[in-house]
Amino acid sequence: MTPAEVVSEYLRSFETGDASAVAAWVDEDFENDHTSALGSSCRGRAEYLRRLPGFLSSMPGLGAAAPKLSIVTYELSGLNVLASKAYR
């Protein structure tokens, strides 16, 4: 897979609503850095997986038409890919 395909599949995994499916795309030493005042950063796949159910449930309809628009930017420095996804 190309880096762009990896990022695309990672972002698409959020639409499943399955925390394990999302976390499967990140390394054990994953760093989830938030720049938003509404989020908090974490380190490691286990901690990310622990937090994902709350995040996924806070954004119902993540892959469909949720009532608000959020734009999230993902930077995967190891892959040199920058991607943004708009959640409605």
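How many aromatic pairs does a search of the whole structure find? The search returns three. The model examined here is predicted. The overall fold and the confidence are described before the rings.

The protein chain contains three helices and four strands. Along the sequence, these elements are arranged as α-α-β-β-α-β-β. Of the 88 residues in the chain, 28% are buried. The exposed surface of the chain comes to about 5,800 Å². Carbon and sulfur atoms contribute 53% of that area. Among contacts with a separation of 6 or more, 36% join residues 24 or more positions apart.

Confidence varies along the model. The mean pLDDT of the chain is 75. A pLDDT of 70 or more is reached by 68% of the residues. Helix 2, residues 19–23, has the highest confidence, at 94. Strand 4, residues 81–87, has the lowest, with a mean of 52. Over residues 65–71, pLDDT stays under 50. For this stretch the model has 17 contacts beyond four places in sequence. Where pLDDT is low, predicted coordinates should not be read in detail.

The aromatic pairs can now be taken up; the search found three of them. One of them joins Y10 and F14. The ring centres of Y10 and F14 lie 5.2 Å apart, and the planes meet at 80 degrees. The Y10–F14 pair is edge-to-face because an angle over 60 degrees between the planes counts as such. Both Y10 and F14 are buried. For F14, the relative accessibility is 2%, so this residue falls under the 20% cut-off for burial.

F14 also pairs with F55. Here the centres are 6.1 Å apart and the planes stand at 85 degrees, again an edge-to-face arrangement. The F14–F55 pair links distant parts of the chain, with the two positions 41 residues apart in numbering. F14 sits in the loop between helix 1 (3–13) and helix 2, whereas F55 belongs to helix 3 (residues 45–58). F55 has a relative accessible area of 27%. F55 is therefore partly exposed, as this value lies between the 20% and 50% limits.

Together, Y10, F14 and F55 make up one aromatic cluster. F14 takes part in the edge-to-face pair with Y10 and in the edge-to-face pair with F55. Within the cluster, Y10 and F14 are buried, while F55 is partly exposed.

Key
Residues are numbered from 1 along each chain as its sequence is written. This is a predicted model: local features need pLDDT of at least 70, side-chain atom pairs count only at pLDDT 80 or more; totals for chains, interfaces and linings use all residues. Side-chain values use heavy atoms; hydrogens and water are left out. Buried means under 20% relative accessible area, exposed over 50%, partly exposed in between (1.4 Å probe, protein chains only). Contact means heavy atoms within 4.5 Å. Accessible areas come from the Shrake-Rupley method with a 1.4 Å probe; for residues, only the protein chains shown count as cover. pLDDT is the predictor's confidence in each residue, from 0 to 100. Rings of Phe, Tyr and Trp (its six-membered ring) pair if their centres lie within 6.5 Å; planes under 30 degrees apart count as stacked, over 60 as edge-to-face and the rest as tilted.
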